[in-house]
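Student: I am new to this structure and would like a close look at a single part of it. Could you take me through its aromatic rings and what surrounds them?

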Amino acid sequence: MNKLKQVFTKVNKIDTFSPYFFLPFILVLYFFTSLFDFHRFELFNVRVSILPAVLLALVCYYIGVYIIDRLQWTIPTFGLSFLGKYVIHFVVLLTLIGLASYLMMIFGGGLGISDESNRRNLDPKLNFFSQLLWYGILLLLSYKMILEKNMTWKKAIVYGSIFAVVMFLFLLMGYRTPLIIMLFTGIIIFHYVVKRVKLTWFLTALFVIGVAFSMFGFLRVVTEDTTKEFNNRDQPDVELTETEKEKLLTVEQKVNLTPKWMRSLNGESVTGHIVLSKIIEYTQEEGYLNGQIHKGIFNTILPGEQISPRMKVTEVVNSLSVEEGKYITRPTRTTTPTFIGQLFLDGGYALVAIGFLLYGVLISLIYNKVKQGGIRSFHSVAYAFVITLFTVSMHTGLLDLIFILMLGFVVIASAIIKTEQRKLKY
């Protein structure tokens, strides 16, 4: 018993949210849980290993973090330090724009949680700008928490309650990503400002949060109105031999031996594994897309019909499964490619290496700002947001223009806001 306590004591000394631990741990955990596939790999004929791409991503990320950590470099001010005093004013303006857009969308019948077909067809402009509401409140609340000289549990509960209200507002839209970003950014701020989150506590919370969000996704699917064309679940109409039909039915029976709710517990990571494998397989046969995916992030705001990056990923992965009589993703839906997948599809192992190297560099640059400027600074908010966004993108990919703009703003804001030079303490 004493040995077990000693192990837990050593484990809990790890800074849960340091660049060296948080993102790599989530990435490894994500792909580890995907190995429990309940025969879905067999159903979708997963033939190509994702291990080389995942290991390359981890190694390059650590190289980026280590180099910047050793050099103690931070983000330059870009000659904009004179604008530092206006950052919070600008965040307030963004929040008001987000609030107005959110109210207009809600009063216009934009309750995405009511059905998947509604969620996918929210007014794109209002949906885009409404994201500024949770973003602005997240930055303002986090910064206010950090500036509190005497953070009591009572104050922490008040801040947490405001977070919960805003998260509920976006729950009504049916989107999980803003909820996850808000939740983990808040936890990181809590860790550094209120009370250190021990690794064992974090793992327990991670399990509870993971199950809760998985069940949310599961309920969202099972409550779909299947009479609507958008929610059609028919499989591709292709000619299969009797042997192929029998094999398909047999594998489907194997999959269905596990209850749907149990498959949903790690359904997202299993899907991410399948999609990444199919992306690698596709590039072996068809070559890389040479920037089409990342170019599509900006093309979607241009006039005229545009194919979003995730719709392109849907086309890619389904092209390998349609002839076998099944869709990996329904044609009306978009596919989250994982961040490794989006890089691999555009440029293979080389782009995966460059992308994760830059991830590590940027995260370490901001973390150095925190160490030099002190915990009670805007740099902590920036760090919490950036590492959370990057970690979430391990599954979703970083393909939303609004998230890229949010990332750019918070990085520049952290660079130009002046703070006193203090050591990192928590």
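Which residues do ring pairs link into a cluster?

Tutor: Happy to help. This is a predicted model, so local features need pLDDT of at least 70 and side-chain atom pairs count only at pLDDT 80 or more, while totals for chains, interfaces and linings use all residues. Residues are numbered from 1 along each chain as its sequence is written, and side-chain values use heavy atoms, with hydrogens and water left out.

The cluster joined by ring pairs is made of F90, W134, Y135, F385, F403 and F409. Rings of Phe, Tyr and Trp (its six-membered ring) pair if their centres lie within 6.5 Å; planes under 30 degrees apart are stacked, over 60 edge-to-face and the rest tilted.

One cluster member, W134, has a polar partner: the side chains of Q131 and W134 make a polar contact at 2.7 Å. Such a contact is a pair of N or O atoms within 3.5 Å, one able to donate a hydrogen and the other to accept it, and residues adjacent in sequence count only if both atoms are side-chain atoms. Q131 sits in helix α7, residues 124-147; helices are DSSP runs (H or I, at least four residues), numbered from the N terminus. With a relative accessible area of 8%, Q131 is buried, where buried means under 20%, exposed over 50% and partly exposed in between, using a 1.4 Å probe and protein chains only. Leaving out residues up to four places away in sequence, Q131 touches F170, M173, P178, I402 and M406, contact being heavy atoms within 4.5 Å.

Now look beyond the cluster. The structure holds 24 aromatic pairs. In one of them, the ring centres of F32 and F36 are 5.6 Å apart and the planes stand at 80°, so this pair is edge-to-face. Both residues are partly exposed, F32 at 46% relative accessible area and F36 at 48%. Y359 and F390, by contrast, form a stacked pair, 3.8 Å centre to centre with 15° between the planes. That pair links distant parts of the chain, 31 residues apart: Y359 belongs to helix α16 and F390 to helix α17, residues 378-396. Y359 is buried at 4% relative accessibility, and F390 is buried too, at 2%.

Y359 also leads us to an open space. The second largest pocket has a volume of about 350 Å³, and the closest to its centre among its 17 lining residues are F339, G355, L358, Y359 and L398. On a 1 Å grid, a pocket is an open set of points where a 1.4 Å probe fits, with protein on both sides within 12 Å along at least five of seven lines, and lining residues have an atom within 4 Å of a point; the volume is the space filled by probe spheres set on the points. Helices α14 (292-299), α16 (339-373) and α18 (401-416) each give two or more residues to the lining, and the largest share, 10 residues, comes from α16.

One last stop is I188 in helix α9, residues 177-193. I188 is buried, at 0% relative accessible area, and its contacts outside four places in sequence are F17, F22, A384, I387 and T388. The C-alpha atoms of I188 and A384 are 5.9 Å apart, although 196 residues separate them along the chain.
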